[in-house]
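Good morning, and thank you for making time for this presentation. Please take a moment with the sequence and the structure before I begin.

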Number of protein chains: 2
Amino acid sequence: MEQVTLKSIASELGISITTASKALKNYPDVSPKTRKAVIDLARKLNYIPNSFAVNLRTKESKVIGLIIPEIVHYFFSNVVNAIIEYAEKKGYLIITLQSNESDKLEEKQIELLLNKRVDGILISLSNNRKDLSPIHKIVESGTPLVLFDKISKLINCSKVIINDRDAAYAATEHLINTGCKDIAHFRGPLNPQNSIDRFLGYKKALEDSKLHFDKSLVYTCEKVSFEEGYNFAKELHQSNKKVDAIFAITDLVAIGAITYFNEANVKIPEDISIIGFSNWFMASVISPSLSSVDQPGYEMGKKAIKLLLKEIKAIKKGKKIKHKTIVLPTNVIKRSSTRD
Amino acid sequence: MEQVTLKSIASELGISITTASKALKNYPDVSPKTRKAVIDLARKLNYIPNSFAVNLRTKESKVIGLIIPEIVHYFFSNVVNAIIEYAEKKGYLIITLQSNESDKLEEKQIELLLNKRVDGILISLSNNRKDLSPIHKIVESGTPLVLFDKISKLINCSKVIINDRDAAYAATEHLINTGCKDIAHFRGPLNPQNSIDRFLGYKKALEDSKLHFDKSLVYTCEKVSFEEGYNFAKELHQSNKKVDAIFAITDLVAIGAITYFNEANVKIPEDISIIGFSNWFMASVISPSLSSVDQPGYEMGKKAIKLLLKEIKAIKKGKKIKHKTIVLPTNVIKRSSTRD
DNA sequence: CTGAAAGCGCTTACAG
DNA sequence: CTGAAAGCGCTTACAG
């Protein structure tokens, strides 16, 4: 397959490479006749500019790197969906990588993306991220970075998040308002900020309503999995603890719990109310349908890529950029797993 | 941010760019002393080879393009997961695009990927793909291509698929074996091959069991959505048709039907059996749990990328490649939505 | 309006 | 063991 290059077009027309290049790029200083000849021939030969050469010259790849914990995940796949879609409209392509919640992998992937000279990077941090130096390195390299959902406040970059504490507060409040008094929490791992914030929101809601906070009603889901939800529900049920509600870190955990209670013939929400977090599609179709906190994945992805492209543009123009933190609203979706 | 280049390393050490390059690339004809000096300095300065220049020289991008109908989709997100993971291990990155089942968008995306000079392309075709010329164009461009799941037999490339006809046959047979006689089918759109094949498998199973095939029991889901499953179930229920089972094109459609029947107090599987297709995670957690055909998304993604990378390698070595079609096994997962 | 030339940063065949 | 040179394919400042 003989590649069509500017050189071959120029030589076929007996003009210089310079002129051929200008004709195709709508430079004003080319005669209409020459321009037409070049454009026609380019079309006829199906000329495609060599993007490698363009990248090398312009120092732009028109590619954005994206790292998320996992893609087989309702929330994150929605985020990715929005990012790919919006970026494409603006002429950017997305390279996606999954950290699998491994900080080591995440570091390698950051390295990969920097080596690839992507024009910008979007990350939702893995749960195990403690050492922030690899993230700082991105900023130091001059590559625009936007963190979303699972972020660190210590990084000097733009961020898109929800207010996990307020959202968890609202979820717990809903349980309290519907008459629950002994509310358990299936929390996430101890390290990630959003897991901490959801726990704090839960605790605060109890305190504000003068309900007793009972440490023994808090279970930690290391993997935030269906199985953990199932098993903790079982453990809770088989213990003698008095409990009339559960606030789960995520819908998947909540659904694990629902599955157990359905099997054990514990009535939801009569015997126990359950509320999840994220409002996955699944929440609306299981029985009973699951009350949840709507976490706008699509919106979050869109805001994040929008912000990133804006910063890339600003930097290109040599403008100073001011980092922003966008906080998206959430709201409690009431369904059948909690009382009226 | 002053970029560290071979040039800057060479000049700092007072050697030529050539030698610096060779030292870093483990060419044998460099003295150990020089090699060490170069490597040490490169590490100290945190040298990253400019991938744009490398791409231009090697004519390789080490990037693979992937087009799927949508990413917020259990099956496809599993495919993407496998592809990203395997590619990364082999030194390739993945650019993902979504056609949203639009053939026009799909064509633009193919164009984008070819312009980007990706080293290979993976596609699961959109339902509306009738004109195959954009796909042929990929093959003609010399870019290795592997089609998976939603393919066209008319394209001269490797493919990874399941046998949709046999799988649908097995699903329908399961309904028949458990005593169902009047089996409806919520089929997919008329164009895509896998939707046709599933319909044919369903029909063949009826015929082989001497059951009457009733055209009026076949409903076409244009969008393969939850709503269609729900609405067709309602339509079916409110008609006077005699029906004791439904084979749905996909779990999402099946779950729509289940949701309707649950609301309408129609007992599953006593009054009506339901079997889906794809074995989404959701199938195991709804009530009743949904029998389904396991469609191995992860395996399919892995085989597809593996095949593609193999062909890329072969072409690089100037070897002739023989296209393969891999057919992955499926099996019926029996759960509570069908009888024992 | 046109084109020679420099340069982006690398790789590699070739000469010494 | 070392390096000058050509070249990948483009863009653009500059001269005419």
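I start with a base contact: in DNA strand C, a base oxygen is 3.3 Å from an N or O atom in the side chain of Thr18(B). Please bear in mind that this is a predicted model. Arg57(B) also reaches a base of this strand, with an N or O atom of its side chain 2.2 Å from a base oxygen of DNA strand C. The backbone takes part as well, since a polar backbone atom of Asn50(B) is 3.2 Å from a phosphate oxygen of DNA strand C.

Which residues come nearest to DNA strand C? Of the 27 residues around the strand, they are Lys22(A), Asp29(A), Arg57(A), Leu6(B) and Arg57(B). Of the atoms of DNA strand C that come within 4 Å of the protein, sugar and phosphate account for 56%. At least two residues of this surface come from each of α2, α3 (32-44) and α4 of chain A, and from each of α2 and α4 of chain B. The largest share, 4 residues, is that of α2(B). By class, the surface near DNA strand C has 11 nonpolar, 9 polar and 7 charged residues.

I turn now to the other strand. Around DNA strand D there are 28 residues, of which Leu6(A), Arg57(A), Lys22(B), Asp29(B) and Arg57(B) come nearest. Thr18(B) has a polar side-chain atom 2.9 Å from a base nitrogen of DNA strand D. Likewise, an N or O atom in the side chain of Arg57(B) is 2.6 Å from a base nitrogen of DNA strand D. The phosphate of DNA strand D is approached by Tyr47(A), with a polar side-chain atom 2.6 Å from one of the phosphate oxygens. The surface near DNA strand D has 12 nonpolar, 9 polar and 7 charged residues.

How are the two protein chains related? A turn of 180° with a shift of 0.0 Å along the axis lays chain B on chain A with an RMSD of 0.0 Å. The two copies are therefore related as by a two-fold rotation axis. Both copies use the same surface, as 100% of the contact residues of chain B recur in chain A.

Finally, the interior. The largest nonpolar core has 200 residues, among which Phe186(A) and Phe186(B) touch the most other members. Beyond four places away in sequence, the residues that Phe186(A) touches include Tyr219(A), Phe232(A), Leu236(A), Ile249(A) and Val253(A). In soluble globular proteins, nonpolar side chains tend to be buried together.

How values were computed:
Residues are numbered from 1 along each chain as its sequence is written. Chains are lettered from A and ligands numbered from 1 in the order in which they are written. This is a predicted model: local features need pLDDT of at least 70, side-chain atom pairs count only at pLDDT 80 or more; totals for chains, interfaces and linings use all residues. Side-chain values use heavy atoms; hydrogens and water are left out. A residue is near a molecule or strand if one of its heavy atoms lies within 4 Å of it. A polar contact is a pair of N or O atoms within 3.5 Å; within protein, one must be able to donate a hydrogen and the other to accept it, and residues adjacent in sequence count only if both atoms are side-chain atoms. Ala, Val, Leu, Ile, Met, Phe, Trp, Tyr, Cys and Pro count as nonpolar, Asp, Glu, Lys and Arg as charged, and the others, Gly among them, as polar. Copies are superposed by least squares on the C-alpha atoms of residues with pLDDT of at least 70 in both. Contact means heavy atoms within 4.5 Å. A nonpolar core is a set of buried Ala, Val, Leu, Ile, Met, Phe, Trp, Tyr and Cys residues joined through side-chain atoms within 4.5 Å. Buried means under 20% relative accessible area, exposed over 50%, partly exposed in between (1.4 Å probe, protein chains only).
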